[in-house]
Amino acid sequence: RTWRDRIRASIRQKVYERDDYVCQYCGVSCYESYVKDKKAITIDHMVPVCAGGNNQEYNLVSCCRRCNGRKAGKIFSSFEEARTFLLTNYENDEEEY
């Protein structure tokens, strides 16, 4: 197995349900979009895999595509720092993910 291994569907579903299908960074609800398109919500590694993170539930959060794309592989010292970064100028960001 490599670090690029897929997150098991059962873990993915547990994370979505734990987070109530809400992006943990911007707070947008993705449930209605998820029902129509399973790719409307993503899983984000709080500690990126490239920085030693893993696919365990405690390192995963539900994330809208926009926030996941903006965060990418950036490394933050805390979840709050990541959240602040993603919400800064969020309204001015025209790029959609």
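1. Which side chain does a polar contact of 3.3 Å join to that of Asp44? The partner is Lys71. I start here since several threads of this predicted model can be followed from Asp44.

2. A word on confidence before going further. The chain has a mean pLDDT of 83, and 86% of its residues reach 70 or more. H1 has the highest confidence, with a mean of 94, while H2 has the lowest, at 81. As a general caution, predicted coordinates should not be read in detail where pLDDT is low.

3. Back to Asp44, which is found in strand S1. Is this residue buried or exposed? Its relative accessible area is 3%, under the 20% cut-off, so Asp44 counts as buried. Besides Lys71, its side chain has a polar contact with that of Tyr25, at 2.5 Å. Leaving aside neighbours within four places in sequence, the residues in contact with Asp44 are Tyr25, Asn59, Leu60, Val61, Cys63, Asn68 and Lys71.

4. Tyr25 deserves a look of its own. Not counting residues up to four places away in sequence, Tyr25 touches Asp44, Met46, Val61, Cys63, Cys67 and Lys71, and also Phe79, Ala82, Arg83, Leu86 and Leu87. Lys71 thus appears again: Tyr25 touches Lys71, and the side chain of Lys71 is joined to that of Asp44 by a polar contact.

5. Tyr25 also belongs to the largest nonpolar core, which has 19 residues. It is listed there among those with the most contacts inside the core, together with Tyr16, Cys23, Ile43, Leu60 and Cys67. At least two residues of this core come from each of H1, S1, S2 and helix H4 (79-87). Which of these elements gives the most? That is S2, with four residues.

6. The strands are worth viewing as a pair. S1 (residues 41-45) and S2 run antiparallel and are joined by five bridges; Ile41, for one, has Cys64 as its bridge partner in S2. S2 itself (residues 60-64) is mostly covered, with five of its five residues buried.

7. How do the side chains of S2 divide? In a regular strand, side chains alternate between the two faces of the sheet. Here Leu60, Ser62 and Cys64 point one way, and Val61 and Cys63 point the other way. The residues of both sets are buried.

8. Now for H1 (9-18). Which of its residues are buried? They are Ile11, Val15 and Tyr16. Seen down the axis of H1, the buried residues fall within an arc of 135°, so they line one face of the helix. In general, an α-helix has 3.6 residues a turn, so residues three or four places apart point the same way. The cover over the buried residues of H1 includes H2, S1 and S2.

9. Finally, please look at the backbone after this helix. Asp20 comes just after H1 and takes a positive phi of about 55°, in the loop between H1 and helix H2 (31-36). Tyr21 lies in the loop between H1 and H2 as well, and its phi, near 60°, is again a positive value in a residue other than glycine.

10. Are Asp20 and Tyr21 buried or exposed? Asp20 has a relative accessible area of 56%, over the 50% cut-off, so it is exposed. Tyr21, in contrast, is buried because its relative accessible area of 10% is under 20%.

Notes
Residues are numbered from 1 along each chain as its sequence is written. This is a predicted model: local features need pLDDT of at least 70, side-chain atom pairs count only at pLDDT 80 or more; totals for chains, interfaces and linings use all residues. Side-chain values use heavy atoms; hydrogens and water are left out. Buried means under 20% relative accessible area, exposed over 50%, partly exposed in between (1.4 Å probe, protein chains only). Two strands pair if DSSP finds at least two bridges between them. A polar contact is a pair of N or O atoms within 3.5 Å; within protein, one must be able to donate a hydrogen and the other to accept it, and residues adjacent in sequence count only if both atoms are side-chain atoms. Contact means heavy atoms within 4.5 Å. The arc is that of the directions from the helix axis to the C-beta atoms. pLDDT is the predictor's confidence in each residue, from 0 to 100. A nonpolar core is a set of buried Ala, Val, Leu, Ile, Met, Phe, Trp, Tyr and Cys residues joined through side-chain atoms within 4.5 Å.
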